[in-house]
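Hello,

Here is the structure I promised to pass on. Please look it over first; my notes on what turned up follow below.

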Protein chains: 2
Amino acid sequence: MRRTDRLFDIIQILRDGKLHRAQDIADRLEVSVRTIYRDMDTLVASGVPVEGERGVGYMVREQITLPPLNLTPAELKALNLGMAIVAEAADPDLKTAAESLADKIDAVLPTQVVAEADTWKFAVYPFADAARGLAHMAPIRSAIKSRQKLQLSYRRIDGVLTERTIRPLHMEYWGRVWTLTAWCELRAGFRVFRIDLIEAVSPLPELFTDEPGKRLSDYDPQG
Amino acid sequence: MRRTDRLFDIIQILRDGKLHRAQDIADRLEVSVRTIYRDMDTLVASGVPVEGERGVGYMVREQITLPPLNLTPAELKALNLGMAIVAEAADPDLKTAAESLADKIDAVLPTQVVAEADTWKFAVYPFADAARGLAHMAPIRSAIKSRQKLQLSYRRIDGVLTERTIRPLHMEYWGRVWTLTAWCELRAGFRVFRIDLIEAVSPLPELFTDEPGKRLSDYDPQG
DNA sequence: TTCCAACTGACAGGTTTATGTCAGTTATTG
DNA sequence: CAATAACTGACATAAACCTGTCAGTTGGAA
């Protein structure tokens, strides 16, 4: 676990909020600079809010981070209700905070309407290692919202790279990986993609509308 | 990443909520039973709510799991406020849910009082791999609350096993690892322990009180 | 333009990790 | 009691990963 320990050390070094050069960190931890660059990749991929700037160095944006949480449906309901109430508050800062928190939670839950108990059967599980496809998530989410078709380069588990046009419907966190449920125009069927296996996404100008048989509600995971 | 893929597959197999024998999973994924047992360990260590029963098989308890979340201090405040409001609600189910959510969040944040902006400078970072010391966390938390001294077997990074009596003060999540800040009676000083490196904890009958110089507020991480 | 330091890709080791096999033990059910 | 299936430990081998080295490129600031 030497590497793991080093990653921990790097976080400790960075948490003073000051600038640090990769070279300095490398000297201090007695590894090569190259290794530090690789470690920074790992940290970023793991969600540590560290930022590097060429010619400058590394810094962390300070934030509070919650580890994976297991909630019951009732707790989630309480959470949503609470945010709705606070969002009505007079204090503009609190109002904004409540709204953005609600958005974050929303973003992280199945995009499906967040209420029916049935939905929770397809629950999400904590894990983490692959926040790999992180970069793709923003465009995917916005495409789901705006009902915009996507061009997808997807590397299947067997290593084959495929190109498809899809209607993105639903994102889900499986703890270890995020998945994207979509209607695939190529296969004319529902497909679930692992976001960490997506090579590239680009939004297409084409929009899509609800068509019977192509909606999320028509999708039967067991089928 | 073969192993990672298999772990994902196991979750998918288990998520039907039915019983599964290790042997069946092993056959289906074309690995040995031994490997499945090891995988189950990994899943449990990663927080997946899977349960094995001898002579029976494996099942998952269904739950909603939130991935690591980055919050601003304002968002956390909104969250706490929201839960406090909902906890006053008439509906007993909602009340209970709000209370337990508040507890969960509380349990996961620095044990230090959860309000001052300064506190957040020692933020927590998401990660995950080592939820190793998970089992120790409950006794440690309760010892912090009840101000009970702990007997600690701690394996230092250099591999040396040490025994100490400590006053547990504060737990913190660093994304990759949890840490325990404590007053160490052996060294007569503050020490930060990584919970994943703790071999064993046992609560001692002895209680401790606030003594000048031995309180969390006397601890200067930079010193 | 030059300097700086972050970044990237490739490659050859060395080390670590994962896996299967085997030989057990333990808790539960009938 | 026997049967079942989860669990554990040890060990050799194979596969994956980590690391340093080297030779670049990129973007910002002076």
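Arg21(A) and Asp24(A) join their side chains in a salt bridge, with N and O 3.0 Å apart. A salt bridge here is a side-chain nitrogen of Lys or Arg within 4 Å of a carboxyl oxygen of Asp or Glu. Arg21(A) is partly exposed, at 43% relative accessible area. Asp24(A) is partly exposed too, at 39%. On this scale buried is under 20% relative accessible area, exposed is over 50%, and partly exposed lies in between (1.4 Å probe, protein chains only).

Before going on, note that this is a predicted model: local features need pLDDT of at least 70, side-chain atom pairs count only at pLDDT 80 or more, and totals for chains, interfaces and linings use all residues. Residues are numbered from 1 along each chain as its sequence is written, chains are lettered from A and ligands numbered from 1 in the order in which they are written, and side-chain values use heavy atoms, leaving out hydrogens and water.

Back to the salt bridges. The structure holds 12 over all chains. In one of them Asp39(B) pairs with Arg6(B), with the closest N and O atoms 2.6 Å apart. This pair links distant parts of the chain: Asp39(B) sits in helix α3 (residues 33-45) of chain B and Arg6(B) in helix α1 (residues 2-14) of chain B, 33 residues apart. Helices are DSSP runs (H or I, at least four residues), as are strands (E, at least two), numbered from the N terminus. Both Asp39(B) and Arg6(B) are buried.

Glu211(B) and Lys214(B) form another salt bridge (3.6 Å, N to O). Salt bridges with shared partners tie Lys149(B), Arg167(B), Glu185(B), Glu206(B), Glu211(B) and Lys214(B) into one network. Glu211(B) is partly exposed at 30%, and Lys214(B) is partly exposed at 22%.

Now the DNA. A residue is near a strand if one of its heavy atoms lies within 4 Å of it. A polar contact is a pair of N or O atoms within 3.5 Å.

Which residues come nearest to DNA strand D? Of the 22 around it, they are Arg6(A), Thr35(A), Arg34(B), Tyr37(B) and Tyr58(B). A polar side-chain atom of Tyr37(B) is 2.7 Å from a phosphate oxygen of strand D. The side chain of Arg21(B) places an N or O atom 2.9 Å from a phosphate oxygen of this DNA strand. α3(A) gives the most to the surface near strand D, with three residues.

DNA strand C has 23 residues around it, and the closest are Ala22(A), Tyr37(A), Tyr58(A), Arg6(B) and Thr35(B). Of the strand C atoms within 4 Å of the protein, sugar and phosphate account for 60%. Tyr58(A) has a side-chain N or O atom 2.5 Å from a phosphate oxygen of strand C. For Tyr37(A), a polar side-chain atom lies 2.6 Å from a phosphate oxygen. Arg38(B) reaches a base nitrogen of strand C instead, at 2.8 Å. α3(A) supplies the largest share of the surface near strand C, four residues.

Last, confidence. pLDDT is the predictor's confidence in each residue, from 0 to 100. Chain A averages 73, and 70% of the residues score at least 70. Among the elements of chain A, helix α2 (residues 22-29) has the highest mean, 92, and strand β3 (residues 64-66) the lowest, 64.

Best wishes

Definitions and conventions: A polar contact is a pair of N or O atoms within 3.5 Å; within protein, one must be able to donate a hydrogen and the other to accept it, and residues adjacent in sequence count only if both atoms are side-chain atoms.
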